[in-house]
Every structure is written in C-alpha cells, then in structure tokens.
Amino acid sequence: MGGCQGRQRLQHQENQDIYTPLENLTIIDSVKSGTGRDGKASIYHHIIKPTLDHLKVPHNYVVTTSGDTIGAFSRQLTQGTHKIVLISGDTSVNELINSLSSDQHGQIRLVVIPLGTGNSLSLALGISNELEAVKRLVTSNEFKPLNLYTIKFPEDPSYVLHEGTQVRPAPSEMKFLVVFSWGFHASLVADSDTAEMRKFGLERFKMAAMSNLEAPQHYEGTTKISSDKDTREVAGPYAYWVLTPSRRFEPTFEISPSGNIFNDEMYLVSFGPRDTDQTPYIMEIMTQAYNGGAHIHNGSVSYEQVDSTHQVRLKYHQDQENRRRFCVDGAVILAPPSGEFRVRACGHKQQKWEIFVLG
Ligand SMILES: Nc1ncnc2c1ncn2[C@@H]1O[C@H](COP(=O)(O)OP(=O)(O)OP(=O)(O)O)[C@@H](O)[C@H]1O
C-alpha cells in the first residue's frame, strides 16, 4: 500500500502539470456497514475495480476486519492529499475523520458509496444509491468543504459502546458531521447496534423504537444556545434531543427541513416527555417527520437554528445508564451520570487536516 502511494506521489512531483483526478486513491470497504456484505456480490469487485482498471487508475483497497480498521488506516496517513472512497455509512466516515493524526497535515478528499443503513451524508449530497455514487467517482472532481462540529465531552470519562459493551474510553473531544443526539433517537440507535439487528437494515431503527416506547422516554437536562450577544434556553426534560446539520436521516425521514450540510449551521430538534399516552404522542411526531418534516410545525416540537457563531451547551443528569447513551454519527457514547456537552461549528478542519467531500 505504502509503495503504491509513494509511486503516485513521485509521479505527481515529476508531472506537476498533469492532473489526474483519481490519483492517490484508496477504497475502503466497511464490510459491516448496512446489512453487511456476507454472501453478497461486492460492489468493489463487480463494479468499482473493473471500472478503475479499465481507466488505468491505480488504487489501494482496504477491507475492514475489525471496528478499528478505519481508525488504524487513518492514523497512519502522512502529509499530503488523500482521496478516500468509503463504501459505508456515516459512522465509518466519522471514524476516519476523528482518527487523523495530529502530527500530520494535508487534505482528505472523501467519496462515499452509500452502503450504510441511514447514509445521511450521501442523502445530503443528493446521492440516493451506490451506482450514482460510483458514477460521480469517475466523472466528477467537484470536492466541497465538509463542515464539521466539535463536541467537548463532560469532564468525567465517557466510553464508546459497541453492542452495549464498553470498548474503549471516549476522547475528551470529537467531531461529528451529521448527528449528535440523546434521548429516544440515541437510545434506538444504541439498541439497534447489534449484529442481529443490523441484518434488518433500516427496519432495525423501527424495531428498536417500538421496544424503547415500552419505557418512559424521560431524559433530565437543559440546553443553552449562546453567542457573545444572546442566549436562548431550550428547557428539558426531553424525550427527544437531536442536533444536526443534515436534512434527512433516511430517504423519507426528514428530521430538519431547513438543514443543508454546506451551510455551516445545525438545528436542534427536541420535544419533552409525556407521562400518559406516550406511544401515540411520539409516534405522531415521528410520522410527521416521515411526512416531509411536518413535525417542526407540531406545537410540542422545538426547532432551533444554531449558526456558526453559537455554542450549544447541554447539561444533563441521569442515573440510569441506558438514559445516558449519546449518538455521535451512529457511534454510541456512554456518558457519566451528570455533566455538560459543548458543541460548536468548526469549519471543515480536523486537527491540521482539511476535509472535502465529492458533492
Ligand atoms: N469487519 C468489521 N468488524 C467489526 N466492525 C466493523 C467491521 N467493518 C466495519 N465495522 C464497523 O461497523 C460500523 C459501520 O458503520 P457505518 O456507519 O459505516 O454503517 P451503518 O451504521 O450501517 O450506517 P449509518 O451510520 O449511515 O446508519 C463502523 O463502526 C465500522 O468501523
């Protein structure tokens, strides 16, 4: 892999005037994304590789073998411009960005072939299926800055969960690109993050939603959205708390009708708990979200724009462990019993790296 990259870099240096859009290219197949690849025809072997071979475009190919393959790949990237195609959903993109080395700098040019479950980033780019994405890979070179958002974690330690088990300590700070959530949304993402549930694709979220509704969706906390000039409060408790720059989480689930990932702004979508008739109350709001984002006109729902001059501070306190699971682009974080999260826009930079996406 390193040898191939080295050759391309040399070629690039010798031929500064020759521009090859797909040079220095790595394809990463995140094989557990979506419903997984078990026994299925691989889009890399059947479509991407033959196309790139036909075009005589050299590339590296990385198949994930663990939950850390993408992080390990990202950590070893050295100075330069790297074009990386991720056959994956949003969490894999997040892992790549958050693992970039702080000692190195350069540009990351991302192309996402949407084979994840929700694929919010690809939906935001107007890419509805994997073939459309492959077409763009070979026909377009229009990379746009990918806006990121920094989450500062509570002071006491948090942990990354996988299938409900703590796999490693969470960093004190993380970037996200499509969602940071708590409450009902985060709980259903966490509960559906098992090998068994992943087989059901998008249905896994609905299945986890139904089981979550059997318990009270009541999360204690409060939120302040502030800048140097003003402060707004969105008081808790909450049943639902989602902070997102994205418009859709699924093709028909329009969480934030004003969302546009290229605008460097987020929206906070939240609503409070209800002691009686919880299921019809939450289901009605969710149905409205599936109905063109009509939930934002529901009187129970708060819909707040957060521009790049504002910081979001979520203070929470929650003894019950399964009520303090947070979702960061699909990854599940277990936070301490009380604390504060601070979130703000940070442009398209992670450490000293600039991040672009094929738009
Ligand atoms: N071989 C593997 N073993 C264990 N984990 C893996 C393996 N391959 C990929 N993963 C992990 O699986 C997760 C896949 O998440 P990804 O977001 O790409 O798909 P998704 O969750 O189906 O989609 P979305 O987040 O868009 O709903 C990532 O955390 C990735 O690191």
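This report walks through the fold, the two domains, the ligand shell and a few backbone oddities of one predicted chain.

Some ground rules come before the details. The model is predicted, so local features need pLDDT of at least 70 and side-chain atom pairs count only at pLDDT 80 or more, while totals for chains, interfaces and linings use all residues. Residue numbers run from 1 along each chain as its sequence is written.

**Overall build**

The chain carries 10 helices and 21 strands, where helices (H or I, at least four residues) and strands (E, at least two) are DSSP runs numbered from the N terminus. Its radius of gyration is 20 Å, close to the 21 Å that the globule rule gives for 359 residues, so the chain is as compact as a globular protein of that length. That radius is taken over C-alpha atoms, and the rule is 2.2 Å times the number of residues to the power 0.38. Along its principal axes, the C-alpha trace spans about 70 × 50 × 35 Å.

Buried residues make up 42% of the 359. Here a residue is buried if 20 or more other C-beta atoms lie within 10 Å of its own, exposed if 12 or fewer, and partly exposed in between, with C-beta atoms placed from the backbone. Of the contacts between residues at least 6 apart in sequence, 72% join residues at least 24 apart; a contact means that two C-beta atoms, placed from the backbone, lie within 7 Å.

**Two domains and the core between them**

The domain assignment gives domain 1 (2-141) and domain 2 (149-345), with bounds that come from an automatic or database domain assignment. Their centres, taken over C-alpha atoms, are separated by 28 Å. The contact takes 18 residues from domain 1 and 23 residues from domain 2. On the domain 1 side, helix 4 (90-98) and helix 5 (120-124) are the elements that give two or more residues, and helix 4 gives the most, with 6 residues. By class, that side has 5 nonpolar, 12 polar and 1 charged residues. For these classes, Ala, Val, Leu, Ile, Met, Phe, Trp, Tyr, Cys and Pro count as nonpolar, Asp, Glu, Lys and Arg as charged, and the others, Gly among them, as polar.

Now for the core. The largest nonpolar core has 88 residues, and those with the most contacts inside it are Val 85, Leu 86, Leu 110, Ile 151, Phe 176 and Val 328. Both domain 1 (2-141) and domain 2 (149-345) give residues to this core, so it lies between them. A nonpolar core, for the record, is a set of buried Ala, Val, Leu, Ile, Met, Phe, Trp, Tyr and Cys residues joined through C-beta atoms within 7 Å. Leaving out residues up to four places away in sequence, Phe 176 touches Asn 94, Tyr 149, Ile 151, Val 328 and Asp 329.

Helix 7 (residues 184-191) is worth a look too: 8 of its 8 residues are buried, so the helix is largely enclosed by the rest of the structure. Among them are Phe 184, His 185, Leu 188 and Asp 191.

**Around the ligand**

The ligand is surrounded by 21 residues, the closest being Ser 33, Thr 64, Gly 89, Thr 91 and Gly 116. A residue is near the ligand if its C-beta atom, placed from the backbone, lies within 6 Å of it. Helix 4 supplies the largest share of the shell, 4 residues. By class, the shell has 2 nonpolar, 16 polar and 3 charged residues.

**Backbone oddities and single residues**

Most residues other than glycine have a negative phi, and most peptide bonds are trans. Against that background, the bond from Gly 236 to Pro 237 is cis, with omega near 0°. Pro 237 sits in the loop between strand 12 (231-235) and strand 13 (240-244). Asp 264 has a positive phi, near 55°, and belongs to the loop between strand 13 and strand 14 (266-271). Asp 329 also has a positive phi, about 50°, in the loop between strand 17 (325-328) and strand 18 (331-334).

Here is how four residues score for burial:

| Residue | C-beta neighbours within 10 Å | Status |
|---|---|---|
| Met 210 | 11 | exposed |
| Thr 252 | 11 | exposed |
| Asp 264 | 17 | partly exposed |
| Asp 329 | 28 | buried |

Met 210 lies in helix 9 (residues 203-212). Thr 252 is in the loop between strand 13 and strand 14, and its C-alpha atom is separated by 8.2 Å from that of Ala 289, 37 residues apart along the chain.
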